[in-house]
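Student: Could you take me through one part of this model up close? I'd like to see how the inside is put together and how the helices pack around it.

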Amino acid sequence: MRKSSIFTLARKELAILLNAPATYVISVVFLLITGWLFIAPLFQLDQSTLDSFFRPLPLIFTFLIPALTMRSFSEEFKSGTIEYLTTLPIEDHEIVVSKYLAAMGLVGLLVAFTLVFPVVLLVIGLPDVGQMIGVYVSILGLASFFTAIGLFSSALTRNQVVAFIIGFFICFVFFLLDRVADFMPGILAGFVRGFSVSTHFEALARGVLDTRDLLYWITGTGFFLAVSLSVMQSKKWR
């Protein structure tokens with residue numbers, strides 16, 4: 001894997017994302033919502049915690065990340081530029097990884113803006129630093145997983161709206177698994193809950209570092225990137 005090719009493509013893809021008006025609309029909405037979730041309890045309940053900010057994030061990301069990634073492959077297939085990309089001396093997996101890095105770069109930029117929240121807490125109170133670190137590790141893990149799902153969804157269709165709907169549906173299913181498990185018998189409930197993003201997200205966000213949670217994010221991301229590559233290759237040869 002050639003790092004120069006990947007980073008060149010990733011920078012190009014990130015520049016396209018940053019030049020899209022929809023990106024700024026989505027970003028402003030995200031920052032307004034998360035800002036309100038953080039500030040409201042701070043003044044109403046006088047609590048110096050990130051709980052009200054991070055707990056709704058799995059649900060917020062089910063909308064946010066598919067919206068940011070829906071054009072990744074869809075636009076390439078619709079405009080035909082994917083054919084140009086594949087004629088260049090670039091491997092298929094480099095295209096997938098570069099698009100993933102670009103999307104993660106944008107999500108990471110949005111998450112970086114929220115770092116003002118823990119800074120505020122450190123100034124006005126005595127928050128649990130370990131928990132705050134766990135919160136951001138969880139956020140990055142969740143973002144990585146959902147970004148890979150978003151790329152897979154975008155690779156399935158030429159229509160960006162359809163890509164968003166597919167991505168939202170898959171992310172929402174992983175979000176709901178924890179709730180569905182509550183209605184299942186013991187062993188089956190534990191099995192289903194193990195696939196829920198909420199289970200692994202909240203465990204890390206409490207400051208409990210468990211390799212099973214990290215492995216969940218890594219394997220989930222790797223799986224959806226791999227199927228994204230397979231879908232892209234199958235479409236290329238049609």
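Tutor: Sure, let's start with the core, keeping in mind that this is a predicted model. The largest nonpolar core takes in 63 residues, and L50 and F61 are the ones with the most contacts inside it. The biggest contribution to this core comes from helix α9, residues 129–155, which supplies 13 residues.

Now zoom in on F61. Leaving out anything up to four places away in sequence, F61 touches F30, P66, V111, I139, L142, A143 and F146.

F61 falls within the span of helix α4, residues 57–69, so let's follow that helix to a partner. Helix α4 packs against α10 at an angle of about 160°, and the two axes are 8 Å apart. Since anything over 145 degrees counts as roughly antiparallel, that angle makes α4 roughly antiparallel to α10. The crossing of this pair is right-handed. On the α4 side, the contact is made by P58, L59, T62, F63, P66 and A67, while α10 brings F164, G167, F168, C171, F172 and F175. Sort those by class and you get 10 nonpolar residues, 2 polar ones and no charged ones. Notice P66 here: this α4 residue is part of the contact with α10, and P66 is also among the residues that F61 touches.

Helix α10, residues 160–181, has another partner worth a look: helix α11, residues 186–193. Those two pack at about 165°, with their axes 8 Å apart. That angle makes α10 roughly antiparallel to α11. This crossing is left-handed. From α10 the contact uses L177, D178 and A181, and from α11 it uses A189, V192 and R193. By class, the contact of α10 with α11 has 4 nonpolar residues, no polar ones and 2 charged ones.

One last stop, on helix α2, residues 21–44, where T23 sits. T23 has a relative accessible area of 7%, and because the cut-off for buried is under 20%, T23 counts as buried. As for its surroundings, T23 touches L17, L68 and L106, again skipping residues up to four places away in sequence. L68 lies within the residue range of α4, so the contact between T23 and L68 takes us from α2 back to the helix we followed from F61.

How values were computed:
Residues are numbered from 1 along each chain as its sequence is written. This is a predicted model: local features need pLDDT of at least 70, side-chain atom pairs count only at pLDDT 80 or more; totals for chains, interfaces and linings use all residues. Side-chain values use heavy atoms; hydrogens and water are left out. A nonpolar core is a set of buried Ala, Val, Leu, Ile, Met, Phe, Trp, Tyr and Cys residues joined through side-chain atoms within 4.5 Å. Buried means under 20% relative accessible area, exposed over 50%, partly exposed in between (1.4 Å probe, protein chains only). Helices (H or I, at least four residues) and strands (E, at least two) are DSSP runs, numbered from the N terminus. Contact means heavy atoms within 4.5 Å. Axes are lines fitted to C-alpha atoms, for helices over the stretch in contact, and angles run from 0 to 180 degrees between N-to-C directions. Angles under 35 degrees count as roughly parallel, over 145 as roughly antiparallel, 65 to 115 as roughly perpendicular and the rest as oblique. A crossing is left-handed if the near helix is turned anticlockwise from the far one by less than a right angle, and right-handed if clockwise. Ala, Val, Leu, Ile, Met, Phe, Trp, Tyr, Cys and Pro count as nonpolar, Asp, Glu, Lys and Arg as charged, and the others, Gly among them, as polar.
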